[in-house]
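Dear colleague,

Please find the structure below, handed over for your consideration. My findings follow it, beginning with one helix and ending with the chain as a whole.

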Amino acid sequence: HISYNKLREILIDKDMRKILAEVANVSSASIAKLTNDENVTTDVLVKICNELKCNVSDIMEFIPDEEPE
């Protein structure tokens with residue numbers, strides 16, 4: 001699955017948690033999905049990266065599913 005913990009940390013550091021949707025021009029529904037580590041479109045990720053001037057790898061992390069033993 002995908003984790004957006006890195007994005008949350010950046011937003012806290014930049015004090016942008018409440019304004020990201022507005023400044024990046026993304027919907028509040030997309031922000032809610034990010035908050036819950038749900039899938040969003042690459043368009044949303046591009047808008048956020050453009051606003052934060054960062055790379056996708058700076059805001060998200062792939063976490064492999066655990067394999068059953």
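**The first helix and its surroundings**

In α1, the residues L7, I10 and L11 are buried. These three lie on the same side of α1, because they cover an arc of only 95 degrees around the axis. The other side of α1 carries E9, I12 and D13, which are exposed. Please bear in mind throughout that this is a predicted model.

What covers the buried residues of α1? The cover includes α2, α3, α4 and α5, the last of these spanning 56-59. For L7 in particular, the contacts can be named: leaving aside neighbours within four places in sequence, L7 touches L34, I48, L52 and I59. After α1 comes D15, a residue with a positive phi, near 55 degrees.

**The nonpolar core**

L7 also belongs to the largest nonpolar core, a set of 19 residues, where it is among those with the most contacts inside the core; the others are Y4, L34, L45, I48, L52 and I59. Two or more residues of this core come from each of α1 (5-13), α2 (20-24), α3 (28-35) and α4 (42-52). The element that gives the most is α4, with 5 residues. The partners listed above for L7, namely L34, I48, L52 and I59, are thus found again among the core residues with the most contacts.

**The chain as a whole**

The protein chain contains 5 helices and 2 strands. Read from the N terminus, their order is β-α-α-α-α-α-β, with a strand at either end of the series. Along the principal axes, the C-alpha atoms fill a box of roughly 45 × 20 × 20 Å.

The chain has 69 residues, of which 30% count as buried. When contacts with a separation of 6 or more are considered, 63% of them join residues 24 or more positions apart.

As for the surface, the protein chain exposes about 5,100 Å², and 48% of that area is supplied by carbon and sulfur atoms. The chain carries 8 positive and 14 negative charges, and the mean positions of the two sets are 10 Å apart.

I would suggest viewing α1 first, with the buried residues L7, I10 and L11 on one side and the exposed residues E9, I12 and D13 on the other.

With kind regards

Methods: Residues are numbered from 1 along each chain as its sequence is written. This is a predicted model: local features need pLDDT of at least 70, side-chain atom pairs count only at pLDDT 80 or more; totals for chains, interfaces and linings use all residues. Side-chain values use heavy atoms; hydrogens and water are left out. A nonpolar core is a set of buried Ala, Val, Leu, Ile, Met, Phe, Trp, Tyr and Cys residues joined through side-chain atoms within 4.5 Å. Buried means under 20% relative accessible area, exposed over 50%, partly exposed in between (1.4 Å probe, protein chains only). Helices (H or I, at least four residues) and strands (E, at least two) are DSSP runs, numbered from the N terminus. Contact means heavy atoms within 4.5 Å. The arc is that of the directions from the helix axis to the C-beta atoms. Accessible areas come from the Shrake-Rupley method with a 1.4 Å probe; for residues, only the protein chains shown count as cover. Lys and Arg count as positive and Asp and Glu as negative; His and the chain ends are not counted. The place of a charge is taken as NZ of Lys, CZ of Arg, CG of Asp or CD of Glu.
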